[in-house]
Amino acid sequence: MRILVPALSIAALALTGCAMSPAETARAESDAAASRAALGQQLAGLHATSTSDCMTNYGSSSLKAYGSTLVYSVSKSLVYVNDTTGGCENVERGDILVTRSISGQLCRGDIGQTVTPGSRVPSGSCALGSFTTYRK
């Protein structure tokens, strides 16, 4: 019984060390709400037309991130939206998303890795989801 009590104490300390404070929770919720609002503004005037497992990569001209959602803009009237599994949120802060594809397409399940510009230090990774096409 002596060994069990210290082990439980260490486990409890480890779990509480990972919990977010109320201020951190409020800031995270505020950031998420701001990302959702910005995504809504980007998609204003567009409507979802279809969903597919892959997107041709060479047609997109810009990439923006809104939390765990990636938006590939081909033109003002054509946008692809991808809800990732999370982990690539640093793209929203300016990190670079690196994907590898042998087919010339980005597909659901492909892994993206974020790297910090300049230092090229990995900062996160995510799996891509399905692509939703938005058109005017």
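Ala, Val, Leu, Ile, Met, Phe, Trp, Tyr, Cys and Pro count here as nonpolar, Asp, Glu, Lys and Arg as charged, and the others, Gly among them, as polar.

**View 1. The largest pocket of this predicted model and the residues around it.** By those classes, the lining comes out as three nonpolar, four polar and five charged residues. The space inside is about 250 Å³. Helix α2, spanning residues 22-42, gives the most to the lining, with five residues. Look for D31, A32, S35, R36 and L39, then Y66, G67, S68 and T69, and finally E89, E92 and R93.

**View 2. The whole chain, with its elements in order.** Two helices and 10 strands make up the element list. Starting at the N terminus, the run reads α-α-β-β-β-β-β-β-β-β-β-β. Of the 136 residues, 27% count as buried. Take the contacts in the chain with a separation of 6 or more: 56% of them are between residues 24 or more positions apart.

**View 3. Confidence along the chain, with residues 4-9 picked out.** The chain has a mean pLDDT of 84, and 85% of its residues reach 70 or more. Residues 4-9 are another story: their pLDDT is below 50, and beyond near neighbours in sequence the stretch has zero contacts in the model. A word of caution for this view: where pLDDT is low, the predicted coordinates should not be read in detail.

**View 4. The largest nonpolar core, with a close look at L70.** This core holds 13 residues, and those touching the most other members are M55, L70, Y72, Y80, L97, L106 and F131. Two elements, β4 (69-75) and β5 (78-83), are the ones that give two or more residues to it. Apart from this core lies another, of eight residues, with L39, L43, V71 and V79 among them. Back to L70: setting aside neighbours within four places in sequence, its contacts are L63, K64, A65, Y80, V81, N82, T84, L97 and L128.

**View 5. H47 and its partners from far along the sequence.** H47 sits in strand β1, residues 47-52. Between H47 and R135 there are 88 positions in sequence, yet the C-alpha to C-alpha distance is 5.6 Å. Besides R135, H47 is in contact with T133, Y134 and K136, leaving aside neighbours within four places in sequence. H47 counts as partly exposed because its relative accessibility, 44%, falls between the 20% and 50% cut-offs.

**View 6. R120, a residue with a positive phi.** Most residues other than glycine have a negative phi. R120 is not a glycine, but its phi is positive, about 60°. You'll find R120 in the loop between β8 (111-115) and β9 (122-127). With a relative accessibility of 69%, over the 50% cut-off, R120 counts as exposed.

**View 7. M20, in the loop between the helices α1 and α2.** Helix α1 covers 4-18, and M20 lies in the loop between it and α2. Leaving out neighbours within four places in sequence, M20 is in contact with T25 and A28. Its relative accessibility is 48%, which is under the 50% needed for exposed, so M20 counts as partly exposed.

Key. Residues are numbered from 1 along each chain as its sequence is written. This is a predicted model: local features need pLDDT of at least 70, side-chain atom pairs count only at pLDDT 80 or more; totals for chains, interfaces and linings use all residues. Side-chain values use heavy atoms; hydrogens and water are left out. On a 1 Å grid over the protein atoms alone, a cavity is a set of points where a 1.4 Å probe fits but cannot get out, and a pocket is an open set with protein on both sides within 12 Å along at least five of seven lines; lining residues have an atom within 4 Å of a point. Grid points are joined across faces, edges and corners, and a volume is the space filled by probe spheres set on the points. Helices (H or I, at least four residues) and strands (E, at least two) are DSSP runs, numbered from the N terminus. pLDDT is the predictor's confidence in each residue, from 0 to 100. Contact means heavy atoms within 4.5 Å. A nonpolar core is a set of buried Ala, Val, Leu, Ile, Met, Phe, Trp, Tyr and Cys residues joined through side-chain atoms within 4.5 Å. Buried means under 20% relative accessible area, exposed over 50%, partly exposed in between (1.4 Å probe, protein chains only).
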